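Reader: I would like a close look at a single part of this model. Please keep it brisk and walk me through the contacts there.

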Amino acid sequence: MATHEARTLQISIQRSWRDVYDYASIPENLPEWASGLTSALQKSGGEWLADSPAGKLRLRFAPPNELGVLDHWVITETGEEVYIPLRVVANGDNSEVTFTLFRLPGMDDEKFTADAAWVMRDLQKLKDVLEAQLIE
């Protein structure tokens with residue numbers, strides 16, 4: 001199996017790691033902050049189904065855990081499986097969220113950079129949603 005180039009993207013959120021994990025680990029919350037999903041997720045057996053700009057997707061999520069692991073796997077209409085390592089860790093009373101973005105085979109520099117910018121927008125949206133809950 002080939003090794004892929006990777007970028008680690010990170011954002012700080014002014015909420016406890018547990019608050020971030022509890023929100024982000026609920027698949028139904030994903031469309032609120034992950035712009036790649038355009039519809040609510042529907043559970044189908046051990047997977048979740050969603051529509052995206054790229055077509056229909058199937059998703060699998062890491063089981064609930066006490067380690068802040070939010071990994072998930074996205075399976076495209078063509079059967080390609082994309083692994084998404086996602087973590088939340090405590091940083092004092094706040095948290096750090098890290099997302100590892102892998103360069104997929106055949107992906108050029110422009111697309112890899114665009115994907116990284118897209119992920120950062122989604123992480124910013126996650127931060128905005130969670131930090132806004134403090135005000136309400």
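Author: This is a predicted model. Start with E131. Its contacts are S12, I13 and Q14, leaving aside residues up to four places away in sequence. One of these partners also takes part in a polar contact. A polar atom of the E131 side chain sits 2.7 Å from the backbone nitrogen of Q14. So here a side chain pairs with a backbone atom, within the 3.5 Å cut-off for a polar contact.

Where does E131 sit? It belongs to helix 3, which covers residues 109-135. Is E131 buried or exposed? E131 counts as buried because its relative accessibility is 19%, and the cut-off for buried is under 20%. For a sense of distance, take F99. F99 is 32 residues from E131 along the chain. The C-alpha atoms of E131 and F99 are 19 Å apart.

Now go to K127. This residue is in helix 3 too. Its relative accessibility is 17%, so K127 counts as buried. K127 touches I11, S12 and I13, again leaving aside residues up to four places away in sequence. S12 and I13 are thus on the contact lists of both K127 and E131. K127 has a polar contact of its own. A polar atom of its side chain lies 2.8 Å from the backbone oxygen of S12. Set the two side by side: E131 pairs with a backbone nitrogen, that of Q14, while K127 pairs with a backbone oxygen, that of S12.

Helix 3 has another role in this picture. It gives six residues to the lining of the largest pocket, the most of any element. That pocket has a volume of about 830 Å³. It is lined by 30 residues, and those closest to its centre are G36, V74, V82, I84 and D115. Which other elements give two or more residues to the lining? Besides helix 3, they are helix 2 (30-33), strand 4 (55-61), strand 5 (72-75), strand 6 (81-84) and strand 8 (94-102). By class, the lining holds 21 nonpolar residues, five polar and four charged.

Last, helix 1, residues 17-24. Its buried residues are V20, Y21, Y23 and A24. Why do they line one face of the helix? Seen down the axis of helix 1, the buried residues fall within an arc of 170°, so they line one face.

Terms used: Residues are numbered from 1 along each chain as its sequence is written. This is a predicted model: local features need pLDDT of at least 70, side-chain atom pairs count only at pLDDT 80 or more; totals for chains, interfaces and linings use all residues. Side-chain values use heavy atoms; hydrogens and water are left out. Helices (H or I, at least four residues) and strands (E, at least two) are DSSP runs, numbered from the N terminus. Buried means under 20% relative accessible area, exposed over 50%, partly exposed in between (1.4 Å probe, protein chains only). Contact means heavy atoms within 4.5 Å. A polar contact is a pair of N or O atoms within 3.5 Å; within protein, one must be able to donate a hydrogen and the other to accept it, and residues adjacent in sequence count only if both atoms are side-chain atoms. The arc is that of the directions from the helix axis to the C-beta atoms. On a 1 Å grid over the protein atoms alone, a cavity is a set of points where a 1.4 Å probe fits but cannot get out, and a pocket is an open set with protein on both sides within 12 Å along at least five of seven lines; lining residues have an atom within 4 Å of a point. Grid points are joined across faces, edges and corners, and a volume is the space filled by probe spheres set on the points. Ala, Val, Leu, Ile, Met, Phe, Trp, Tyr, Cys and Pro count as nonpolar, Asp, Glu, Lys and Arg as charged, and the others, Gly among them, as polar.
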